[in-house]
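Here are my notes on the open and enclosed spaces in this model. Please read them with the structure open beside you.

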Amino acid sequence: MLDTTLANLLDAFLAGSWTEDRLVARAKAALGRSHRFIRPFVRRVLAAFPAPTHSDRLRVFALADEEFRKGWRRAEPHTAKRFFPVPVMAPHQAARGWLIPEITTAEKVCEVLRIDRHQLDWLADCAGRNHRESSPKLHHYRYRWIPKPSGRSRVLEIPKPILKQVQRNVLGQILDAIPPHAAAHGFRIGRSILTNAVPHSGRAVVLRFDLAIFFSSISADAVTAIFRTAGYPPDVARQLTGLCTTRLPKAVWDQRPRPAADGSDSLEERHLRNRHLPQGAPTSPALANLVAFRLDRRLDGLAKSLDVTYTRYADDLAFSGGIDLTRRSEKFRNAVARIVSEEGFRLNPLKTRVMPQSVRQTVAGVVVNIRTSIPRAEFDRLKAVLTNCLRHGPESQNREAHPNFRAYLAGKLAHVARLNPTRGRKLLALFDQIRWQSA
């Protein structure tokens, strides 16, 4: 087929009103004359797409339509008039119920996100120039390396105030209206570390897996696919993706603490130096949940097939079940690893755990052997801090210089009380005896 002529015909379809006569008329103008196979094809298009759709979907439909292909080969048409399609929202079938704003142009992006066109172009950085700026003042993000228990470090990519506000607008206007899979418990209204842990309480065995370099392994293409599924035209999806992804400047990577001498951090470098979800942006958790939808669906299906419970909290995957899961744990682990790999993620083998009830079972840091609770060592540390506050005064225990140490401790106690009310009451009794006047 003549690719450019076919592309122009499909653009002609999308360049005006979506009715049979108008589609046929624009097709005639695009090809220079009428062709008998066009009107029947237009009717099939309207039956398949009651509303305007993306040109790539029309192309797939046309190439799969045998009668259209036969007519096209016989006619050998040429381009008589060039058409440019009007951008339209064309959501995937699964996205039809998403209550998201209709955005078809850059001007509408600016209106919804409350920025001007210059800010949109600068912040979205679709040309990918920002990470090459030599001055950190021109970067859209601030960078901070945080040590991990393994001895390595992870980088926080923190958007500067203007970009952070725009990302919050993307989150509030668009992403919060798109539902993740029911198994996802992290970063969701009404879900928490507690709702993630409760389904695994009192089970014979708990299996835990960790997704390696979770945020940075999610590429810009995966993010664009979310916005395209929502129905946004290619240019709009690309701009929204640009606002929510970034590339780590080489100078920042080169300044990382304790680089791996054996080059084992090369995969992390590749993810960070390409466009990815930044850990530190308000949009990243929601987008990560949405990108992981297929992963969650497949893992949940695997779990249900064996009467196993599955939940995910960010990069922490948890499964629990009875004796059957204990017997099949090795085969089950292999199945999970295969699905994770096929969905473009990678497991951290050092953090995979099979935990029968004879050992402490934890899910995202919550003990679940009989009922939810914090680990005993964490409870003992917090109890010791409160006891020392009573004996020596609160300022003696504020070693990290929290500006409001009382509120900090109150938050810790609230967390304990949510997980285990009995332990929470014991700690609260100590907290209520502390004299805070000098704190």
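The points below take the largest pocket, then the cavities.

1. Please keep in mind that this is a predicted model.

2. Start with the largest pocket. Its volume is about 1400 Å³. The lining counts 39 residues, and those closest to the centre are Lys-148, Asp-210, Ile-213, Asp-315 and Lys-351.

3. Where does the largest pocket lie? Domain 2 (106-177 + 219-257 + 265-276) and domain 3 (180-213 + 283-371) both contribute lining residues, so the pocket lies between them.

4. Four elements give two or more residues to the lining of this pocket: strand 1 (141-147), strand 2 (153-159), strand 3 (205-210) and helix 13 (266-273). Strand 2 gives the most, with four residues.

5. By class, the lining of the largest pocket has 21 nonpolar, six polar and twelve charged residues.

6. Now the cavities. The structure has two of 30 Å³ or more. The largest cavity has a volume of about 110 Å³. Among its 14 lining residues, Asp-125, Asn-130, Thr-246, Arg-247 and Arg-275 are the closest to its centre.

7. Helix 7 (117-124) and strand 1 each supply at least two residues to the lining of the largest cavity. Strand 1 also gives two or more residues to the lining of the largest pocket. The cavity lining divides into four nonpolar, seven polar and three charged residues.

8. The second largest cavity holds about 70 Å³ of space. Its lining is Trp-145, Arg-152, Ser-153, Trp-253, Arg-256, Pro-257, Arg-258, Pro-259, Asp-265 and Glu-268. Five of these residues are charged, four nonpolar and one polar.

How values were computed:
Residues numbered from 1 in each chain as written. Predicted model: local features only at pLDDT ≥ 70, side-chain atom pairs only at ≥ 80, totals over all residues. Heavy atoms only, no water. 1 Å grid on protein atoms, 1.4 Å probe; cavity = no way out; pocket = protein on both sides within 12 Å on 5 of 7 lines; lining within 4 Å. Points joined across faces, edges and corners; volume = space filled by probe spheres on them. Nonpolar A, V, L, I, M, F, W, Y, C, P; charged D, E, K, R; others polar. Domains from an automatic or database assignment.
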